[in-house]
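Here are some short exercises to work through with the model open beside you. Try each task before reading its solution.

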Amino acid sequence: MKRRPRRALPAALTALALLAGCTVVAVVAVQMIAGRPEWISYHAVADALHATRWTDPAPAVAGAVTALAGLLMVGAAVLPGRPAVLPLAGDPDAPDVLDAGASRRGLRGTLRTAAAGVDGVSRVRVTLRRRRIAARVRTDRTNTEGLADAVRTALEQRLDRIGPADRPAVKVTLRTTRSTS
């Protein structure tokens with residue numbers, strides 16, 4: 001089970017751009033029908049386009065910008081995002097067991113709690129990557145010998161209990177708030 005995030009931001013930006021274009025066209029059409037001065041004069045736009053030649057740099061730049069925008073939108077739609085739900089290891093021989101998963105937020109929270117439970121840890125920040133879990137730990141101790149290993153062990157034990165399908169590597173970075181002198 002790897003539930004992927006929705007592509008809400010690219011879809012919303014595309015919808016807003018199309019809505020803005022359609023709104024401008026509709027307002028100009030209504031202004032033309034009503035006999036009012038238009039925001040954007042159709043005749044001015046048509047004259048400018050008729051005066052433009054294919055050998056001018058403007059059509060090449062407009063085409064390049066349009067192609068780049070299209071490639072970015074296709075890339076945003078096709079490339080997978082970070083999974084919203086991470087799969088947990090299950091028994092493949094048990095057909096009646098449903099797929100199970102853990103949310104990224106829940107997994108990050110439980111790992112943060114496990115690391116914060118180690119004696120000497122004052123603050124923890126956990127980040128989840130595709131193949132790595134990074135924990136940045138702060139301590140008020142002046143002697144930090146063995147603390148990073150204790151945090152790593154606590155995180156690995158919690159991962160053993162959770163049982164993710166793909167076991168990420170654990171990296172612990174330790175910082176002290178006091179000087180050692």
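**Exercise 1.** Find the helix that holds Val 45, and decide how exposed this residue is.

*Solution.* Step one: Val 45 lies in helix H2, residues 42-51 (helices are DSSP runs of H or I with at least four residues, strands are E runs of at least two, and both are numbered from the N terminus). Step two: the relative accessibility of Val 45 is 38%, so the residue counts as partly exposed (buried is under 20% relative accessible area, exposed over 50%, partly exposed in between, with a 1.4 Å probe and protein chains only).

A word on the ground rules: this is a predicted model, where local features need pLDDT of at least 70, side-chain atom pairs need 80 or more, and totals for chains, interfaces and linings use all residues. Numbering starts from 1 along each chain as its sequence is written, and side-chain values use heavy atoms, without hydrogens and water.

**Exercise 2.** Work out the order of the elements along the chain.

*Solution.* Start with the totals: 5 helices and 5 strands. Then read from the N terminus: α-α-α-β-β-α-β-β-α-β.

**Exercise 3.** Which residues does Leu 111 touch, leaving out those up to four places away in sequence?

*Solution.* Look for contacts (heavy atoms within 4.5 Å). Leu 111 touches Val 126, Leu 128, Ile 133, Leu 155, Arg 158 and Leu 159.

**Exercise 4.** What percentage of the chain's residues is buried?

*Solution.* Apply the burial cut-off from the first exercise to the 181 residues: 20% of them are buried.
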